[in-house]
Amino acid sequence: MEKSLSKDIRNLYTKSILWTVVTTILTVIAFVIIITFLQREMLPANHAEIAAMEASTEMKENTSKYLNEKQFLSKQNTLQKKGVYLSEFSLDGEMISGFERFDSLFNDKSIPELVNTTINSNGYYHKIFPITSHGEIKGIWVYSYQLNPTFSNEYYRYMMIGMIFLIFLSPIIYFIIFSRLYINKLYNKIRTPLQELMAASHKISQKDLDFDLKYDSENEIGQLTRSFRQMQGELKKSLYENWKKDSEWAVMMSSLSHDLKTPITLIGMCSETLASDQKLSEEQKMSVEIIARNITKANRLLDNMNIAGRIRNPTAMKEEATLANLISEIEYDFKSIIEEKSITYSYESTADSNITVPYLKMSRILQNIFSNAVQYTPKGGEIMFTIKQTNNHLLLAIENSGAGIKKENWENIFRKHYREDPSRPNHGNSGLGLYITKQLIESMGGTISVTNPLKLNGIRFELVLPL
């Protein structure tokens, strides 16, 4: 390929025009040869006149025969095919049989003076011969014709007209054909590198940088390919740095969680020992209960820290379970809280009960969204959970009654450690629940979003997961 695509395109049009000129010249030469051959099939300009003379002589010698109307009409049809129009007139100029175009041929003319003569009228020559019977002139026969060359076969005439038309049209036809031919040739040259670039773009969108661009040229696509390779290298470097930071962060979170787990466990054991002591006063028992409750909150925070640390590389979260069984477990876990708050709960599913999902990932996702819904639904409120299945996706939606979330905060609630109202009691929440949920869903190729509820007056979460 040339060093420039623009030069390739200019060469394309130059070659198209050159080949158009060459093929047009060859076409003209071929058609001229054919037309020369066809001219041999042309009749002379006076062929109709000769036919008229022969017919007049023959009809004069057999006048009685052609006074018969049937014989006259047959002769009339035969002559018409030869370009001669036979008409019969009375002596006063009235047409008895013939063609309307010649109906007024003898207006204001004296017929006896025109017998055995030839007149010219309206582009036709008219030979006039008397109809004599028993020595008396009964009328006249008129043979009308034009002096034009024509073909012996009408097909040849149409053939010549078509070739003349094609001579003028052929440059356009040839230019279109050769332009299309060279455009396809150019397209085939650039299709492979373009397909490589498209495939590379798709892999980048899938966060896959392990690909090789083989195309190399000095043209514009070659320059684009080299820029793509450079971008690939920079992205690899950037992603490696991010992976390294994420790994360090995950290790730090795991270490911190592990380090905190031991003292919290010891505190929990001591609080259980104190709680069993019957000598404690009511005030001391209340303090022990507060310690136990906060130990539960601390353990919950540590669990979230562990989950957040494993999200970037959740290799240990691949066990599978059926979606129906998993939902039954989640409903059982929250049944006591739902009954305690007198919440009306409903569940509806049109999905296949045998669909399998990653157990630990999906369990954590459902626990987080159910926990969020139950926590912020007031006593006597309502929660609706629905699942719908399409050909390629699952739609899980949970909506609950209550105060809801301000629309301007819909995107923020998925941020790490975000709380809509910091003044509200957090009930042990770390602000990581929805963040973890979003990360887990995206790791499965899905999405989570907040929308207005369809039936209740609170908030609605929609989860879309690929099957």
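This passage describes selected helices, salt bridges, loops and chain contacts of a predicted model.

Helix H1 comprises residues 5-39, and Val-22 lies within this helix. Val-22 also belongs to a nonpolar surface patch of about 850 Å². The other members of the patch are Ile-17, Leu-18, Trp-19, Val-21, Ile-25, Leu-26, Ile-29 and Ile-33. With a relative accessibility of 33%, Val-22 is classed as partly exposed, because that class covers values between the limits of 20% for buried and 50% for exposed residues.

Helix H2 follows at residues 47-61 and contains 15 residues. The distance from its first C-alpha to its last is 22 Å, close to the 21 Å expected at 1.5 Å a residue. The buried residues of H2 are His-47, Ala-48, Ala-51, Ala-52, Ala-55, Ser-56 and Met-59. These residues lie on the same side of H2, because they cover an arc of only 165 degrees around the axis. The face turned away from this buried side carries the exposed residues Glu-54, Lys-60 and Glu-61.

Helix H9, formed by residues 323-340, has 18 residues. At 1.5 Å a residue it should span 26 Å, and its end C-alpha atoms are indeed 26 Å apart, so the expected and computed spans agree. The helix nevertheless bends by about 45 degrees at Phe-334. Phe-334 is itself one of the buried residues of H9, which also include Leu-323, Leu-326, Ile-327, Ile-330 and Ile-338. The loop between H9 and strand E9 (344-349) contains Ser-342. The phi angle of Ser-342 is near 55 degrees, a positive value in a residue other than glycine.

A positive phi value is also found at Asn-116, another residue other than glycine, where the angle is near 65 degrees. Asn-116 is placed in the loop between helix H5 (111-114) and strand E4 (118-121). The relative accessibility of Asn-116 is 53%, so this residue counts as exposed.

Attention now turns to charged side chains. Side chains of opposite charge can pair when their charged atoms come close. The structure holds 5 salt bridges. In one of them, Arg-460 pairs with Glu-399, and the closest N and O atoms are 2.6 Å apart. This pair links distant parts of the chain, since Arg-460 is in strand E14 (residues 459-466) and Glu-399 is in strand E12 (residues 393-400), with their positions 61 residues apart in the numbering. Both Arg-460 and Glu-399 are buried. Together with Glu-462, these two residues are linked in a network of salt bridges.

A salt bridge within a single helix is formed by the side chains of Glu-442 and Lys-438, with an N to O distance of 2.5 Å. Both residues lie in helix H11 (residues 433-443), where they are 4 residues apart, about one turn of the helix. Glu-442 has a relative accessibility of 41% and therefore counts as partly exposed. Lys-438 is likewise partly exposed, with a relative accessible area of 22%. A further salt bridge joins the side chains of Glu-136 and Lys-138, at 3.5 Å from N to O. Glu-136 is partly exposed at 45% relative accessibility, and Lys-138 is partly exposed with a relative accessible area of 47%.

Contacts between separated parts of the sequence involve helix H10. This helix spans residues 359-375 and includes Ile-365, and Leu-366 lies in H10 as well. Ile-365 has a relative accessible area of 0% and is therefore buried. Leu-366 is also buried, with a relative accessible area of 0%. Ile-365 and Thr-437 are 72 residues apart in sequence, yet their C-alpha atoms are 5.1 Å apart in space. Leu-366 and Ile-327 are separated by 39 residues in sequence, and the distance between their C-alpha atoms is 7.9 Å. Ile-327 is among the buried residues of H9.

Terms used:
Residues are numbered from 1 along each chain as its sequence is written. This is a predicted model: local features need pLDDT of at least 70, side-chain atom pairs count only at pLDDT 80 or more; totals for chains, interfaces and linings use all residues. Side-chain values use heavy atoms; hydrogens and water are left out. Patches are made of residues with over 30% relative accessible area and no salt bridge: like charges are joined within 9 Å, nonpolar side chains (Val, Leu, Ile, Met, Phe, Trp, Tyr) within 5 Å. Accessible areas come from the Shrake-Rupley method with a 1.4 Å probe; for residues, only the protein chains shown count as cover. A salt bridge is a side-chain nitrogen of Lys or Arg within 4 Å of a carboxyl oxygen of Asp or Glu. Helices (H or I, at least four residues) and strands (E, at least two) are DSSP runs, numbered from the N terminus. Buried means under 20% relative accessible area, exposed over 50%, partly exposed in between (1.4 Å probe, protein chains only). The expected span of a helix is 1.5 Å times one less than its number of residues. The arc is that of the directions from the helix axis to the C-beta atoms. The bend at a residue is the angle between axes fitted to the seven residues ending there and the seven starting there.
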